[in-house]
Structure formats: structure tokens, C-alpha cells
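Welcome, and please open your viewer. We will go from stop to stop, and each stop tells you what to select and what is there.

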Amino acid sequence: MILSIITAICASLFFTEIHNLHHKWGINYKPFNCGSCLAAWLAPIHYFLPELIQNITSTMFIAGFLAPIITKLMWSLWK
């Protein structure tokens, strides 16, 4: 259950904050333009998915969310 919550948070921030997909796709209304709203909808959906899909989506969205953060942290430490 914790994995579903973390994945939902990372996926919603990945869509809304990092890539701004709600603007690119023209769906600029809730829950798609709100990080907490999208996470609230994605968590129960992710919880009821089969375990294989949970593992795949968790790996994709957690890595996709953390990669830009770690990249910026590395560049700020090396400058």
C-alpha cells in the first residue's frame, strides 16, 4: 500500500510539475492539473492493479520523478 501511495505521488508530480502534460495535452482541469488531486485518484487505481503492473509503473514513475531532482543536486554540488 505504501508503494501505491509513493508511486501515485511521484506519477502525479511527474505529470503536473515536471512535464506539464496537462497543458501539452489540453486537459487543464482537475484532477489533471492538480498534483494532490491526481495523486488521490491514482493511488486507489494503482492499489487494485495486478502486482506486475504495480512494479513496472512504480519503477518508471519513481525513477522519472527522482532523476531530474538528483541531476540538479549533482550539478549544484559540482559547480
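How many aromatic pairs does the count come to? The count comes to seven aromatic pairs, and keep in mind that what you have on screen is a predicted model. Two of these pairs make a good start.

**Stop 1: the rings**

Select F14 and F15 and show their side chains. A pair of aromatic rings is described by the distance of the centres and the angle of the planes. For F14 and F15 the centres are 5.9 Å apart and the planes stand at 70°, so this pair is edge-to-face. F14 has a relative accessibility of 18% and therefore counts as buried. F15, with a relative accessible area of 23%, is partly exposed; the cut-off for buried is under 20%.

Now add F61 to the selection. The rings of F14 and F61 have their centres 5.8 Å apart and their planes at 65°, so here too the pair is edge-to-face. Because F14 lies in helix α1 and F61 in helix α4, this pair ties together parts that are 47 residues apart in sequence. F61 is buried, at 16% relative accessible area. Add W25 as well, and you have a cluster of F14, F15, W25 and F61 linked by ring pairs.

**Stop 2: the whole chain**

Zoom out and switch to a cartoon view. The protein chain has four helices and zero strands, so to read it from the N terminus is to read α-α-α-α. Its C-alpha atoms fill a box of roughly 45 × 30 × 15 Å along the principal axes. Of the 79 residues, 29% count as buried. Among the contacts with a separation of 6 or more, 59% are between residues 24 or more positions apart. With a surface display on, you are looking at about 5600 Å² of exposed area, 74% of it supplied by carbon and sulfur atoms.

**Stop 3: helix α3**

Select residues 35-47, which form helix α3. This helix has 13 residues and reaches 18 Å from its first C-alpha to its last, close to the 18 Å expected at 1.5 Å a residue. Which residues of α3 are buried? They are G35, L38, A39, A43 and H46. An α-helix has 3.6 residues a turn, so residues three or four places apart point the same way. Show α1 (2-18) and α4 (51-78) next, and you will see what the buried residues of α3 pack against.

**Stop 4: S12**

Move to S12 in helix α1. Is S12 buried or exposed? At 1% relative accessibility, S12 counts as buried. Leaving aside neighbours within four places in sequence, S12 is in contact with E17, G35, L38, A39 and L42. Of these contacts, G35, L38 and A39 are also among the buried residues of α3.

**Stop 5: two loops**

Select N20, in the loop between α1 and α2. What is the phi of N20 near? Phi is near 50°, a positive value in a residue other than glycine. N20 is partly exposed, with a relative accessible area of 33%.

Finish at P31, in the loop between α2 (21-24) and α3. Show the backbone atoms and look at the bond from K30 to P31: a cis peptide bond joins this pair, with omega at about 5°.

Conventions:
Residues numbered from 1 in each chain as written. Predicted model: local features only at pLDDT ≥ 70, side-chain atom pairs only at ≥ 80, totals over all residues. Heavy atoms only, no water. Expected span 1.5 Å × (residues − 1). Buried < 20%, exposed > 50% of the residue type's maximum accessible area, 1.4 Å probe, protein only. Contact = heavy atoms within 4.5 Å. Areas by Shrake-Rupley, 256 points an atom, 1.4 Å probe, with all protein chains shown as cover. Phe/Tyr/Trp six-rings, centres within 6.5 Å; stacked < 30°, edge-to-face > 60°.
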